[in-house]
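Colleague: I am new to this one and would love a friendly walk through it. Could we look at it together?

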Amino acid sequence: MFDPMVNSLIFKELVIRNNTDVYKNWKDPPIVPHLKIYFFNITNKEEFLEGSKPVFQEVGPYCYREHWRKINISFHDNGTVSYETQKFYFFERSASVGSEDDLITTLNIPMMTAVSQWRFAARLAKLALSSMLEVLGTKPFVTKTVGQLMWGYDDPLLKIAKDIIPPDKRLPHEQFGFFIEKNGSTDGLLNVYTGRDDMTKYMTISTFDYKWELHYWNTDECNKVQGTDGSSFPPGVKKDSVLYMFNENLCRSIPLTYWHDVMDFGLEGMRFSPPSDIFANVSVKPENECYCAGGPPCIGGGVFNISSCKFGSPTLISWPHFYQADSKYRDAVIGMNPDPEKHAMYIDVAPRTGTPLRAQARLQINIAVPHVPEVYPAAKLREMIFPVIWFEDGVTELPGDLLDLLRLGENTPPVAKMSMLLAAFTIGFTTVLFVMVIFFATHYNLPVPYFNPNYIHKDGKTTKINNAQPQAHRPELSGHVNTMVSNNPENDDA
């Protein structure tokens with residue numbers, strides 16, 4: 001009865017309700033996430049265009065302190081709450097390898113997007129694109145500052161694309177940057193369950209931007225919006241649990257499975273990570289075929305194509321340094337050194353409450369370079385998966401007051417339960433021992449005072465009590481003689 005009773009008390013406190021301490025921490029999280037950016041700086045661009053493997057120098061981290069807060073919060077009668085998470089980024093020079101003025105040489109992504117979208121067009125259209133790129137002086141590589149690559153720089157190709165390419169096929173900005181217009185923005189409106197009616201749905205997403213599912217993939221199952229946003233999970237996590245995390249930038253929900261036990265901040269937790277075959281080939285994992293929106297053939301092999309949800313840009317994601325990907329991607333370039341300690345994505349979860357203790361979301365952005373000989377500025381490029389940037393976004397420290405609450409919820413119940421069990425066992429054992437001593441002392445008439453009522457302890461000695469009943473005094477009847485009774489009454493006549 002102990003665990004259900006304690007869980008009921010804890011779950012009642014976890015429910016998201018207005019004007020509670022849990023609500024305040026949920027609305028304005030006291031944590032301090034950090035975003036760390038690593039660029040792949042190409043050091044031999046001329047040799048690469050002549051046929052050599054690209055040589056990459058990893059440059060980073062460039063660290064940004066984040067501040068999250070939830071806005072546009074609305075509670076609903078069906079036990080859900082809607083909100084948007086607004087994120088702000090602040091550059092931390094002391095935790096970075098350099099300033100935002102550092103120069104990085106990388107692929108010209110707007111140009112690669114245009115060439116990729118025209119690769120199946122008529123020859124005349126390809127020649128027209130080639131002429132336009134030559135007039136604009138567009139090259140396959142650009143050298144920009146970290147700040148420009150992060151927050152945006154002017155690109156003439158994007159300005160022209162605004163007038164000639166349909167909105168669903170062009171990038172939505174006239175500038176290009178990996179985090180353009182992300183500072184102070186939100187990723188969309190989430191509607192999640194508060195746990196009021198069912199804690200098994202606690203913090204799981206009901207709708208995203210008023211939609212039950214996405215529209216990027218081939219089946220309803222793969223388009224399903226499921227799981228949480230990663231900030232919390234339903235309580236009662238076990239080793240065989242499969243946790244789902246949805247992120248709009250990934251264009252899908254990611255499953256997380258148990259990896260190993262951990263100890264974080266004096267709290268026992270379970271580390272969950274995406275399964276190794278999550279981006280596997282269809283031949284290895286047939287259910288991945290639903291994500292093959294532009295195929296067959298599908299890319300797979302540890303690389304995931306998200307071009308269908310990124311305006312047709314040839315964008316692919318993988319784990320950093322092609323961790324858990326086919327060796328062919330690493331062999332095609334120089335400079336990849338996958339390491340699970342540095343490049344694996346994981347979330348450490350407190351099992352009783354479902355609260356993340358530590359998390360690192362790590363992802364690499366790659367570009368599928370096309371080979372289109374009719375477009376002269378890109379004629380020397382060959383088909384390959386070109387790594388551009390990878391980042392880790394996560395939390396490695398928790399504030400003290402939050403840790404105290406977690407320890408109270410996670411560590412105190414097992415200790416209290418064990419203490420109660422030990423107390424009950426001690427009392428029960430003592431009672432049984434007491435009864436057994438009394439039984440043997442009385443049954444065998446042992447000289448054990450206090451346990452055998454036939455013995456007492458007095459003046460330092462154990463003395464047996466004389467339990468013989470004294471004969472009652474029968475007064476004799478004087479003056480009367482019964483002649484009918486002899487000295488031997490048993491032989492007298494009746």
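Modeller: Gladly! Let us begin with Phe-39, keeping in mind that this is a predicted model. Leaving out residues up to four places away in sequence, Phe-39 touches Gln-57, Glu-58, Val-59, Tyr-62, Ile-104, Val-146, Leu-149, Met-150, Phe-178, Val-388 and Ile-389.

Colleague: Which residues have the most contacts inside the largest nonpolar core?

Modeller: Phe-39 belongs on that list, and the core in question has 82 residues. The residues with the most contacts inside this core are Ile-37, Phe-39, Phe-178, Leu-256 and Phe-386.

Colleague: And which strand gives the largest share of this core?

Modeller: The largest share amounts to seven residues. They come from the strand that covers residues 384–395, namely S17.

Colleague: How many residues does the other core have, the one apart from it?

Modeller: Among the members of that other core are Val-6, Tyr-23, Tyr-83 and Ile-205. This core lies apart from the largest one, and its size is 20 residues.

Colleague: Stepping back, what share of the chain's residues count as buried?

Modeller: The chain's secondary structure comes to twelve helices and 19 strands. Among contacts with a separation of 6 or more, 62% join residues 24 or more positions apart. Of the chain's 494 residues, the share that count as buried is 44%.

Colleague: Let me ask about one helix. Is H4 largely enclosed by the rest of the structure or largely open?

Modeller: Helix H4 spans residues 109–118. Its buried residues are Ile-109, Pro-110, Met-111, Met-112, Thr-113, Ala-114, Val-115 and Ser-116. Because eight of its ten residues are buried, H4 is largely enclosed.

Colleague: How do H4 and H5 run, roughly parallel or roughly antiparallel?

Modeller: Two packed helices are described by the angle between their axes and the distance between the axes. For H4 and H5 (residues 123–136), the angle is about 165° and the axes are 10 Å apart. An angle over 145 degrees falls in one class, so this pair is roughly antiparallel.

Colleague: What is the handedness of their crossing, and what kinds of residue make the contact?

Modeller: The crossing of H4 and H5 is left-handed. On the H4 side are Met-111, Ala-114, Val-115 and Trp-118, which meet Ala-125, Lys-126, Leu-129 and Leu-133 of H5. The residues of this contact divide into seven nonpolar, no polar and one charged.

Colleague: Just after H5, is Thr-138 buried or exposed?

Modeller: Thr-138 sits in the loop between H5 and strand S5 (141–145). Beyond its neighbours within four places in sequence, Thr-138 is in contact with Asn-108, Met-111, Leu-133 and Pro-377. Its relative accessibility is 10%, and because the cut-off is under 20%, Thr-138 counts as buried.

Colleague: Thr-315 is another threonine I spotted. Is Thr-315 buried or exposed?

Modeller: Thr-315 lies in strand S14 (residues 315–318). Setting aside residues up to four places away in sequence, Thr-315 touches Phe-304, Asn-305, Ile-306, Ser-307, Ile-365, Asn-366 and Ile-367. With 12% relative accessibility, Thr-315 counts as buried.

Colleague: How far is Asn-78 from Asp-197 in space, C-alpha to C-alpha?

Modeller: Asn-78 is in the loop between strand S2 (56–75) and strand S3 (80–91), and at 46% relative accessibility it counts as partly exposed. Leaving aside neighbours within four places in sequence, Asn-78 is in contact with Arg-196 and Asp-197. Asn-78 and Asp-197 are 119 residues apart in sequence, and their C-alpha distance is 8.7 Å.

Colleague: Now for backbone geometry. Which residues does a cis peptide bond join?

Modeller: Most residues other than glycine have a negative phi, and most peptide bonds are trans. Here, one bond has an omega of about 10°, and one of its partners is in strand S2. The cis bond joins Gly-60 and Pro-61.

Colleague: What is phi of Asn-19?

Modeller: Asn-19 lies in the loop between helix H1 (2–14) and helix H2 (21–27). At 64% relative accessibility, Asn-19 counts as exposed. Its phi is positive, in a residue other than glycine, with a value near 65°.

Colleague: And where is Phe-265 found?

Modeller: Phe-265 also has a positive phi, near 55°. The strands on either side are S11 (252–264) and S12 (267–273), and Phe-265 is found in the loop between S11 and S12.

Notes:
Residues are numbered from 1 along each chain as its sequence is written. This is a predicted model: local features need pLDDT of at least 70, side-chain atom pairs count only at pLDDT 80 or more; totals for chains, interfaces and linings use all residues. Side-chain values use heavy atoms; hydrogens and water are left out. A nonpolar core is a set of buried Ala, Val, Leu, Ile, Met, Phe, Trp, Tyr and Cys residues joined through side-chain atoms within 4.5 Å. Buried means under 20% relative accessible area, exposed over 50%, partly exposed in between (1.4 Å probe, protein chains only). Helices (H or I, at least four residues) and strands (E, at least two) are DSSP runs, numbered from the N terminus. Contact means heavy atoms within 4.5 Å. Axes are lines fitted to C-alpha atoms, for helices over the stretch in contact, and angles run from 0 to 180 degrees between N-to-C directions. Angles under 35 degrees count as roughly parallel, over 145 as roughly antiparallel, 65 to 115 as roughly perpendicular and the rest as oblique. A crossing is left-handed if the near helix is turned anticlockwise from the far one by less than a right angle, and right-handed if clockwise. Ala, Val, Leu, Ile, Met, Phe, Trp, Tyr, Cys and Pro count as nonpolar, Asp, Glu, Lys and Arg as charged, and the others, Gly among them, as polar.
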